[in-house]
Amino acid sequence: MSGGRPPADSAGGATDDDADRSPVDDADVCVIGAGPAGGIVADRLADAGRKVAILEAGPRFDSADRLARQERAIRPFYGPQDVWDGGGERDAFSTTGEWSYPLDLARVKGVGGSTLHWQGMVMRLHEDDFDSRSVRGVGTDWPIDYDDLRPYYAAAERELGIAGAQDNPFAPPREKPHPMPAFPPSYSDGLFAEACDELEIAMHSVPNARNSESYDGRGACVGYGTCRPVCPSGAKYDATVHVERAEATGATVIDRAPVQRLEHDADSVTAAVYATPDDERRRQEADAFVIACGGVETPRLLLLSESSRYPDGLANSSGLVGKYFMDHLFAGVNGVIDEPTRQNHVGFLTSESHQFYDDADDQYAPFKLEFFNFAGPSPVGMALSGDDWGDDLLERLRRDYGTHIGIGALVEQLPREDSSVGLDPDRTDDRGNPVPHIDWSVDDRALRTIERVNEIQREILAELGAEITGRIGPENTIPTFHHMGTTRMGTDPTESVVDPTLRTHDLENCWIASSSVFPTGGAMNPTLTIAALALKAADHVAEAL
């Protein structure tokens, strides 16, 4: 086993400016990004005895501070960026196009990445998602199919720790049960079930990356209900699990070390140039590099690494780095009913429906229905929204709180070359680099599908006798912050950025482990597929070293 600096302590480790951020000598692998993909790759390679350096742009958060961060999350004074110290010049971005993209509402820079604030739903893509062009007549086919990724899906479920059940008749085939039993349906799921039975809509459990029982040294969920944006107990998986495991077997984490550019020779990356908190530039050399910065920062880093040999950006001979930016679109209908719904009974979804998913074709996209356990304001929010106080306020809270109900859905967006992540020519971040510029477009097929989804959602709420109070439809749909597609995978170097092993076509020692490699997005939350691809990438890197 190769040595490294001592692993961080259980409270989360140092993030002070004078911490040692020296490059790792004689590194076999440099992993850029300490989110789920980077953490899994680093863990696998460190466990195999490779000397691994992990460069992370953000800090290492102290786990002892999570209760304080939870308090921020539930106080209306704070916004989404305050919980995990986001925003500001460091996280600046710009957006134009048909639809404005609110990037900073849901991203975290730090050890753990987006899994620090994710909701934790994890499901496999369906078989047809890998063959969209062949089966549905739109999009493109992946260069791998479901069976290629199937063993990695099984391994990813064990690595993350998934609670689930084999009660989904629409799910793709699997090998064995999930590592933990599913969470039981919530109280409000029972209300939905009565209406769905009448409408012949099948409900089933949601696989969750949180412990329904003790698993992997972490305790069972204790029901804080603030899973998004913070789990104080550690029952919900986050990537610090794999980062700390990698450190325990010799990997070195250098936090608050944003990579500024990648240096290279004719066909290989030679070093990652990173900045320290005092803005000193250092170079991390390695035999292999794995970029795991997500669907926005990965293409940005490649574009920032332009040179005379690669004037359009690194790994960009196809001209497609940053192109085909996709997200999942949200559709939802909310209402109130004349009985308690016990909203926020748990902080995550326990039931959904994939019944309509594989009906997708060239006119309608795949989608899944989500039955919310929370679909209304908190008592604090309600109190602040009115001018009444005292007995009048109490009466309004008794009348209006706890009767909200809602149904959401994720809808696939097709890859479009004019939907992209690029570099802003006029605005720079705190290090003087161009900020990411997002030009986001939404296809007509997705908008038609959202209208169809709304109709189904209204039917269910009507069966419940609900009064409709809100709708997110095709005219006001929002992204779910699943950044995909910007370094797409394929076999043709002129039509893709990485090959089926996740290695870039242009650079023999550079791999990308990220949702950015997805050729299409389907309508399933992407993290399990990210984890499966990270495991696959780690195998290919190990073979190449």
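## A surface patch around Val222

Val222 counts as exposed because its relative accessibility is 59%, and exposed stands for values over 50%. The residue sits in the loop that runs between strand 6 (204-205) and helix 7 (240-248). The model described here is a predicted one.

Together with Leu67 and Tyr224, Val222 makes up a nonpolar patch on the surface. The accessible area of these three residues together is about 310 Å².

## The six-stranded sheet

Strand 6 also belongs to an open sheet of six strands, whose order is 6-13-14-15-12-18 and whose pairing is antiparallel. Strand 6 and strand 18 (467-472) are the edge strands, each pairing on one side only.

Helix 11 (residues 444-463) lies across four strands of the model: strand 12 (329-336), strand 14, strand 15 and strand 18. Relative to strand 12, helix 11 runs at about 20 degrees.

## Strand 14 and its two partners

Strand 14 (residues 367-371) is joined to strand 15 (residues 404-411) by five bridges, and the two run antiparallel. Three bridges join strand 14 to strand 13 (residues 351-353), again in an antiparallel arrangement.

Individual bridge partners can be named. Glu370 of strand 14 is the partner of Glu352, and Glu370 also has Gly408 in strand 15 as a bridge partner. Phe371 is paired with Ile407 in strand 15.

Strand 14 is mostly covered, with five of its five residues buried. Phe367, Leu369 and Phe371 point one way from the strand, while Lys368 and Glu370 point the other way. The charged side chains Lys368 and Glu370 are thus listed as buried along with the other three.

## Gly470 on the edge strand

Gly470 is found in strand 18, which is one of the two edge strands of the sheet. With a relative accessibility of 22%, Gly470 counts as partly exposed, since buried would require a value under 20%.

Beyond its neighbours within four places in sequence, Gly470 is in contact with Gly332, Val333 and Asn334. The C-alpha atoms of Gly470 and Asn334 are separated by 5.0 Å, although the two residues are 136 places apart along the chain.

## Helix 8

Helix 8 (residues 294-304) is mostly covered, and ten of its eleven residues are buried. Among the buried residues are Glu297 and Arg300, as well as Leu301, Leu302, Leu303 and Leu304. Gly295, Val296, Thr298 and Pro299 are buried too.

The buried residues of helix 8 pack against six strands: strand 1 (29-32), strand 8 (259-264), strand 11 (288-291), strand 16 (420-428), strand 17 (434-439) and strand 19 (510-512).

## Two residues with positive phi

Most residues other than glycine have a negative phi. Arg256 has a positive value, near 50 degrees. Arg256 lies in the loop between strand 7 (252-254) and strand 8, and its relative accessible area of 26% makes it partly exposed.

Asp279 is likewise not a glycine and has a positive phi, about 70 degrees. Its place is the loop between strand 9 (269-275) and strand 10 (281-285). Asp279 counts as partly exposed because its relative accessibility is 39%.

Notes:
Residues are numbered from 1 along each chain as its sequence is written. This is a predicted model: local features need pLDDT of at least 70, side-chain atom pairs count only at pLDDT 80 or more; totals for chains, interfaces and linings use all residues. Side-chain values use heavy atoms; hydrogens and water are left out. Patches are made of residues with over 30% relative accessible area and no salt bridge: like charges are joined within 9 Å, nonpolar side chains (Val, Leu, Ile, Met, Phe, Trp, Tyr) within 5 Å. Accessible areas come from the Shrake-Rupley method with a 1.4 Å probe; for residues, only the protein chains shown count as cover. A salt bridge is a side-chain nitrogen of Lys or Arg within 4 Å of a carboxyl oxygen of Asp or Glu. Buried means under 20% relative accessible area, exposed over 50%, partly exposed in between (1.4 Å probe, protein chains only). Two strands pair if DSSP finds at least two bridges between them. Contact means heavy atoms within 4.5 Å. Axes are lines fitted to C-alpha atoms, for helices over the stretch in contact, and angles run from 0 to 180 degrees between N-to-C directions.
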